[in-house]
Amino acid sequence: MATSIRLLSSQDMVAYMAQRLSNEYWILIFEQLDPTDLFNVLLTCHKFYKLALRPLYRSLRFMDLNHFQQNLSFWQNRSDNIVEVPTSMTLCALTRSRSDAPPSYGRMRSEVWNRVTSFPNLQALEICASSIPGTFYRTLQTLHQLKRLSLVDNIFDSNPESVESVIEVAGLQLTHLTLLGNVILGNRQQGRTRCHYLHLVTCPTIRVLRVDWENESAGFLSRRLAGYDGEPFDLPQNIVSLELSLKVNSSAPTTPHETALCAFLAHCGHHVTKLKTVGQLDTHIRVPPDLLPDLEYLGGNAWATMTFLHSDRPIQHLHVCDIEHQGQSTIDLLYNISRMKPKLRTLDVFISTWDIEILHAITQLFDDLYDLRIKFLRETPGEDDLVGLGSQFLEKYPHLSRAQICRLRSRHLSYTRRYKWYKRHLLASSSPRPKAPVCQTPQTIAHAVSLVKAWNRNCKQLREVRLEETHVMRRATENDTWCRRPLERSSVSWEDMELESECLLEPREHFEWQFLDVIAETLTAADLLILTV
């Protein structure tokens, strides 16, 4: 007797799966969805509402204090344990009094801190563009699971609640710390730092540190300045990833910064394997070769490259940007690099204009690359050039697994300076402004897969090729066919160390903060909040 098979509709199939799959499987599925899709899932049924609510509230982001106020009622008088769900939280206190007014830096009020401390499993906290009160350090000490802290472009009160609360932050168990673009009110103090937030760097468990390098922080990190309490302090010894946002240029004396930088690296750089430098380093600073003995990854502009690159350091992965703007040609820089490191595994350069001579220089200077990336803004290799790349250049590298030779439309801003993003985001509905120039269309290469097929015989280990800004070609093995797919940039958060060469250039966008930092000692909090609008 034949068995009849009934095809289920999509609605019936969802209902069938909802009954058969366990809650754990559904939660795993929902965790792969973005917030927009999770909102749609919440509207399907009561069961999915309860299950999808937890992944949705695992990472909280409030880029406006008004949104935070609207969300307060959700947490009140709940009988479930939803307060145990959030593990990361982003707060931005930019506020707008009316729709056509520019935003202003809002104050982190007590109800904000009360809500933050109500999440017992909070592991990551990001605060940006906010006015932070003196009770901030006491709040941090109540977050016992906190591992990652990012403070970007905030205004701190001149006096904390107590000196003891500042010193006790050394007991936090932070592993990732970001301190960028922050400003503090109050008079400068002779022989000790006035930036009490720098005491967060004294947490002994820090492994990833991202910090501004200017006069005040340089004095603290080199321990030439005493702590906020006037006493000496210890710095972490197990940092493995370090990002320095340098504000040192040719108009400033370099000797104090050179001495301070060497003192800091001598104390904290024993285990650093990844170093990223952004900012205004456009002058020579000498760093002795015995510092940074474990450095493997280095990213920065041309000056930073020649400052930290040395034959005695085990650097294998190099990312360089902004070459032509630093007073030397690309070929000259590559020659200087190869004299110290001819056996690099990764070479990633970002230049202004494409030139086939760069590939000629690379193949002559470097022995055995595994990862080659050349990105540029103008010009592009012709089709004949692309076909011949495999036999003329890439054939020299039998272990080459990734090759990127592509033109970008513009320089990419570093993800770590996200305040540019949230200023654009919040200013979008303010008073009309001139329209931004239309960005040029991304370059597309006809028959890109066919062009890469010509490389197969010469580049047997090649697994990934990028010739276009928006697409990438990949294969799993030597005999596989190449598949062209849209390029998906991985999600990068403040605690990650982004080393792509096109993201290393840091535009000189912080003069406003440097100016405020100079005059902050003569201003009140109200004056400073007005200036930041």
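Trainee: How many aromatic pairs does the structure hold?

Mentor: This predicted model holds 15 aromatic pairs.

Trainee: What makes Phe30 and Phe48 an aromatic pair?

Mentor: Their ring centres lie 5.3 Å apart. The cut-off is within 6.5 Å, so the rings pair.

Trainee: Why is the pair of Phe30 and Phe48 called edge-to-face?

Mentor: The angle between the planes is 80°. Over 60 degrees counts as edge-to-face, so the name applies.

Trainee: Where in the chain do Phe30 and Phe48 lie?

Mentor: Phe30 sits in helix α2, residues 23–30. Phe48 sits in helix α4, residues 46–56. The two are 18 residues apart, and the pair links distant parts of the chain.

Trainee: Are Phe30 and Phe48 buried or exposed?

Mentor: Phe30 is buried, and Phe48 is buried too.

Trainee: What makes Phe136 and Phe156 a pair, and of which kind?

Mentor: Centre to centre, the value is 6.2 Å. The limit is 6.5 Å, so Phe136 and Phe156 pair. Their planes stand at 75°. That is over 60 degrees, therefore edge-to-face.

Trainee: What does the pair of Phe136 and Phe156 tie together?

Mentor: Phe136 lies in helix α7 (residues 136–140), and Phe156 lies in strand β8 (residues 155–156), so the pair ties together parts 20 residues apart in sequence. Both Phe136 and Phe156 are buried. They also belong to one aromatic cluster with Trp113, Tyr137 and Tyr197.

Trainee: How do you know that Arg78 lies over the face of Phe74?

Mentor: Arg78 is at 4.4 Å from the ring centre of Phe74. The distance limit is within 6 Å, so that part is met. The position over the face is computed as well.

Trainee: Which residue lies over the face of Tyr297?

Mentor: Lys274 does, at 5.1 Å from the ring centre. That too is within 6 Å.

Trainee: Why is His317 called buried?

Mentor: Its relative accessible area is 14%. Buried means under 20%, so His317 qualifies. His317 is found in strand β15, residues 317–321.

Trainee: What makes the link between His317 and Thr346 a polar contact?

Mentor: The two side chains meet at 2.8 Å. The cut-off is within 3.5 Å, so the distance fits.

Trainee: Which residues does His317 touch, leaving out those up to four places away in sequence?

Mentor: Glu296, Tyr297, Leu298, Leu344, Arg345 and Thr346. Tyr297 is also the ring under Lys274.

Trainee: What share of the protein counts as buried?

Mentor: Of 533 residues, 51%.

Note on methods
Residues numbered from 1 in each chain as written. Predicted model: local features only at pLDDT ≥ 70, side-chain atom pairs only at ≥ 80, totals over all residues. Heavy atoms only, no water. Buried < 20%, exposed > 50% of the residue type's maximum accessible area, 1.4 Å probe, protein only. Phe/Tyr/Trp six-rings, centres within 6.5 Å; stacked < 30°, edge-to-face > 60°. Helix = DSSP H or I, 4+ residues; strand = E, 2+ residues; numbered from the N terminus. Lys NZ or Arg CZ within 6 Å of the ring centre and 35° of its normal. Polar contact = N/O pair within 3.5 Å; in protein donor to acceptor, adjacent residues only side chain to side chain. Contact = heavy atoms within 4.5 Å.
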